[in-house]
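Visitor: I am new to this structure. Could you take me through its sheet, and the strands and helices around it?

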Amino acid sequence: MTKPLSGKAALVTGGSRGIGAAIAKRLAADGADVAITYAGNKDAADTTVGALEALGVRSFALQADAAEPDAAADAIHQAAERFGGLDILVHNAGVANFAPLPEDDFANYRRQFAVNVDGVFAGTRAAADHIRDGGRIIVIGSVNAHTMPTPGGAVYGATKAAVAGLVRGWARDLGPRNILVNVIQPGPVDTDLNPADGDFANVLRPLTALGRYARPEEIANLAAFLASDQASYITGAAIDIDGGLAI
Ligand code: NDP
């Protein structure tokens, strides 16, 4: 039986762990060849690649710091070259360094914008040369783009609002080629970045309507849907998946 993404080639940035690894596995389970990038954790990247290959698809990992525009672009070029093109790009790599005023500083501001925004801009710009008509660009933003229930997240939220703005513009730019561009905005998801058994979780969990964190696989379900033919009329959308945090 043909799988929904058979014959498609995907790249997931920050695919070694957390939400990115779950998305990579789900796209592979749906039949896509999937390359991943990682920052420094080669062991985790190799483990994810092994899991992807076990699903019967082609896969490889590229070390590429999303904060370095040339590295972010080069990863796109390499993935497209090795796969012979690209159909799906998932910008997932991201950092969150919460710091309230007055402690927050310009270095922390710059670092979060470099990874969360510069990397997305550089990668999409490079991908525009490679991604086939009818392709998909999916950005992992955050519900913090438009809601901020705790102190310390001003800059993080601003980076995620920035990528939501980029997505709306790119949906217009790439619409004539039927390339659909959307941003997924999760609430709290149980990963190394935001563990469900951490202190911060005790603050966030009761703010959700469902009273729990998401599993990374629940975010991957939405990414797989947006990558599929089923999502053919969705572009420029910012879709919350937050257990009701932002209601
Ligand atoms: P994790 O910290 O669990 O995983 C981060 C992944 O991104 C790893 O694969 C890591 O690679 C990679 N990465 C980190 N920095 C860079 C960089 N500079 N260049 C390239 N890759 C990098 O994070 P999550 O899975 O929780 O988060 C993934 C995305 O989801 C982020 O954009 C985050 O902002 C967003 N998000 C997360 C939420 C949550 O509650 N967890 C909520 C809302 C949004 P390596 O393994 O090499 O370190």
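Guide: Happily; here is a walk through the sheet and its surroundings. This is a predicted model in which local features need pLDDT of at least 70 and side-chain atom pairs count only at pLDDT 80 or more, while totals for chains, interfaces and linings use all residues. Residues are numbered from 1 along each chain as its sequence is written, and side-chain values use heavy atoms, leaving out hydrogens and water.

The sheet is open and has seven strands in the order β3-β2-β1-β4-β5-β6-β7, with parallel pairing. (Strands are DSSP runs of E, at least two residues, and helices are runs of H or I, at least four, numbered from the N terminus; two strands pair if DSSP finds at least two bridges between them.) β3 (59-63) and β7 (238-241) stand at the edges with a single partner strand each, so one side of each has no neighbour in the sheet. From one strand to the next, the twist averages 20°, with angles running from 0 to 180 degrees between N-to-C directions of axes fitted to C-alpha atoms, for helices over the stretch in contact.

Now look at β5 (residues 131-140): seven of its ten residues are buried, meaning under 20% relative accessible area with a 1.4 Å probe, protein chains only. Five bridges pair β5 in the parallel sense with β4 (residues 86-91), and L86 stands opposite I131 of β5. Five bridges also join β5 to the parallel strand β6 (residues 180-186), where N182 is the bridge partner of I138.

Helix α5 (residues 154-174) packs on the sheet, touching β5 and β6, and its direction makes about 160° with that of β6; contact means heavy atoms within 4.5 Å.

Notes
Buried < 20%, exposed > 50% of the residue type's maximum accessible area, 1.4 Å probe, protein only.
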